[in-house]
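I opened this model to look up its charged side-chain pairs and one of its helix contacts. My notes follow in the order in which I checked things.

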Amino acid sequence: MPHTKQAAKELRKAVKRELKNKFVKSTIKNLVKDSRKAVDTKDAKAEDLVKLTIKKIDKALQKGVIKKNTAARKKSRLMKRLNKSKKA
């Protein structure tokens, strides 16, 4: 338990941040999963879904929820899969 008012407030802020970050991370995970599924089944909306996913990944990076290399890796893998499916 926090001993001072400042510590109590920081704890409240940390809990709020944690909830928000968890929500953003789970949203990204679900979008990546849906995008991969759409690309693998050659869905017509796959490209739009990948663009939306990349947009959300960039936003999470901008807000500091995920790190730079993690964002780059996720985007790279998605685009690689999309381009591969377009060729085939």
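Before sorting any side chain, I fixed the cut-offs: a residue is buried under 20% relative accessible area, exposed over 50%, and partly exposed in between. I also noted that I am working from a predicted model.

**Entry 1: a pair within one helix.** I started with Glu 18 and Lys 22, whose side chains meet in a salt bridge with an N to O distance of 3.4 Å. Both residues lie in helix α1, which covers residues 5-40, and they are 4 residues apart, about one turn of the helix. I then asked how open each partner is. Glu 18 has a relative accessibility of 44%, so I entered it as partly exposed, while Lys 22, at 52%, counts as exposed because it is over the 50% cut-off.

**Entry 2: pairs between helices.** I counted 5 salt bridges by the rule I used, and I looked up two further ones among them. In one, Asp 40 pairs with Arg 81, and the closest N and O atoms are 2.8 Å apart. This pair links distant parts of the chain, since Asp 40 belongs to helix α1 and Arg 81 to helix α3 (residues 68-87), with their positions 41 residues apart. I recorded Arg 81 as partly exposed because its relative accessibility is 28%.

The other pair is Lys 86 with Glu 47, where the closest N and O atoms are 3.4 Å apart. Lys 86 sits in helix α3 and Glu 47 in helix α2 (residues 46-63), so this salt bridge ties together parts that are 39 residues apart in sequence. Glu 47 has a relative accessible area of 35%, and I therefore listed it as partly exposed.

**Entry 3: the contact of α1 with α3.** How do the axes of α1 and α3 cross, and within what distance do they come? I found that they come within 9 Å and cross at roughly 15°. Because angles under 35 degrees count as roughly parallel, I wrote down α1 as roughly parallel to α3. The crossing in which α1 passes α3 is left-handed.

I next listed the residues that make this contact: α1 contributes Ile 28, Val 32, Ser 35, Arg 36, Val 39 and Asp 40, and α3 contributes Lys 74, Leu 78, Arg 81, Leu 82 and Ser 85. By class they divide into 5 nonpolar, 2 polar and 4 charged residues. Asp 40 and Arg 81 are both on that list, and they are also the partners of the 2.8 Å salt bridge in my second entry.

Terms used
Residues numbered from 1 in each chain as written. Predicted model: local features only at pLDDT ≥ 70, side-chain atom pairs only at ≥ 80, totals over all residues. Heavy atoms only, no water. Salt bridge = Lys/Arg side-chain N within 4 Å of Asp/Glu carboxyl O. Helix = DSSP H or I, 4+ residues; strand = E, 2+ residues; numbered from the N terminus. Buried < 20%, exposed > 50% of the residue type's maximum accessible area, 1.4 Å probe, protein only. Axes fitted to C-alpha atoms, helices over the stretch in contact; angles between N-to-C directions. Parallel < 35°, antiparallel > 145°, perpendicular 65-115°, else oblique. Left-handed = near helix turned anticlockwise from the far one by under 90°. Contact = heavy atoms within 4.5 Å. Nonpolar A, V, L, I, M, F, W, Y, C, P; charged D, E, K, R; others polar.
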